Amino acid sequence: MTYTKYSASGNDFVIFHSFIEKDYSNDAIKLCNRTEGIGADGLVVLVPSNEADFKWLFYNSDGSYAAMCGNATRAVSHYALNNGLVSSNEMRFLTGAGIIKSSVENDIVETQLTAPKVIKEEFEQDGFTWYLVDTGVPHLVTIVEDLELYNHELSSKMRYEHNANVNFAKIENGIIKVRTYERGVEGETLACGTGMAACFLRANNLGLVKQSAFVYPKSGEELTLSLKNGTIYFKGAVKKVFTTTI
Ligand SMILES: N[C@@H](CCC[C@H](N)C(=O)O)C(=O)O
């Protein structure tokens with residue numbers, strides 16, 4: 001079997017394609033293991049679809065299934081074009097959260113995420129003001145003055161109480177810096193696309209950023225998030241790290 005490892009702003013994935021649609025959660029646990037496997041935050045398997053160019057099956061590194069992963073939408077688009085699974089640099093593919101549209105220009109990929117849904121408006125808990133939104137998967141967002149306020153224990157507690165990923169965001173001069181605790185990785189990752197989208201939406205709702213903004217995750221890589229007709233567009237570079245046959 002041939003596997004490709006990608007990094008999308010530091011959020012890393014093992015990707016392969018197959019004609020067989022089945023449960024790949026055990027493969028995710030083995031392949032994503034950083035000591036005995038390839039090592040990644042998630043596994044994505046591309047399978048055929050009658051409705052779109054292809055369908056994806058996404059798993060977190062602990063084997064849990066997730067409906068969406070923003071960074072993986074960018075990595076997978078690049079992979080599909082590079083492996084001849086699509087004939088054009090513009091494509092649409094089916095995820096657990098719905099259809100994703102994307103376009104690839106060299107290493108820069110822009111995807112249109114699924115329409116966001118607010119789950120819970122502003123509420124107070126443990127000394128922070130939170131907002132809960134589904135940008136394909138659920139995300140808690142709190143806006144802080146200092147990203148050093150990111151707290152692993154609190155994030156882990158909030159994650160289980162709300163069954164959501166947890167984001168701390170700092171907004172300064174119209175740019176957003178984000179730290180995310182991810183479900184299914186059970187720790188902080190270098191970037192989370194749907195998390196950045198949730199922080200961007202919250203900041204836009206509060207009037208702190210315009211319809212388009214630069215967002216920097218923990219890795220420091222630059223992403224552009226834009227809001228057009230109620231949907232979020234997510235743009236940035238991806239990197240194919242290596243391909244291996246095991
Ligand atoms: N890293 C992803 C999100 C992956 C799914 C998430 N961990 C969950 O289980 O909700 C992204 O870039 O959006």
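Leaving aside the neighbours within four places in sequence, Cys69 is in contact with Gly42, Phe58, Gly193 and Thr194, and this residue of the predicted model is a convenient place from which to begin. Cys69 sits in the loop between β4 (54–60) and α2. Because 30 C-beta neighbours lie inside 10 Å, where 20 or more are enough for the label, Cys69 counts as buried.

A second cysteine belongs beside it in this account. According to an unreviewed UniProt entry, Cys69 and Cys192 are listed under "active site". The two span 124 residues in sequence, yet their C-alpha atoms are no more than 7.7 Å apart, so they gather at one spot. Cys192, for its part, is found in the loop between β13 (187–189) and α4, and with 33 other C-beta atoms within 10 Å Cys192 is buried. When neighbours within four places in sequence are left aside, the contacts of Cys192 are Asn11, Asn71, Asn165, Thr180, Glu182 and Pro217.

Some of these names return when we turn to the ligand. Which residues come nearest among the 14 around the ligand? They are Cys69, Asn71, Val137, Gly193 and Thr194, and of these Gly193 and Thr194 are also contacts of Cys69, while Asn71 is a contact of Cys192. Two helices, α2 (70–82) and α4 (193–205), each supply at least two residues of the shell around the ligand. By class, the residues of that shell divide into four nonpolar, eight polar and two charged.

The shell also leads to the wider plan of the chain, which is divided into domain 1 (2–114 + 236–245) and domain 2 (117–231). From each of domain 1 and domain 2, the shell around the ligand draws at least three residues. The C-alpha centres of the two domains lie 22 Å apart, and where the domains meet, 21 residues of domain 1 are in contact with 24 residues of domain 2. On the side of domain 1 that touches domain 2, α2 and β16 (231–237) each supply at least two residues, and the largest share, three residues, comes from α2. That side of domain 1 has seven nonpolar, twelve polar and two charged residues.

Helix α2 thus links two parts of this description: α2 supplies at least two residues of the shell around the ligand, and α2 also gives the largest share of the side of domain 1 that touches domain 2.

Notes. Residues numbered from 1 in each chain as written. Predicted model: local features only at pLDDT ≥ 70, side-chain atom pairs only at ≥ 80, totals over all residues. Near = placed C-beta within 6 Å. Helix = DSSP H or I, 4+ residues; strand = E, 2+ residues; numbered from the N terminus. Nonpolar A, V, L, I, M, F, W, Y, C, P; charged D, E, K, R; others polar. Domains from an automatic or database assignment. UniProt positions renumbered as here; feature names shortened; annotations may be inferred. Buried ≥ 20, exposed ≤ 12 C-beta atoms within 10 Å, placed from the backbone. Contact = placed C-beta atoms within 7 Å.
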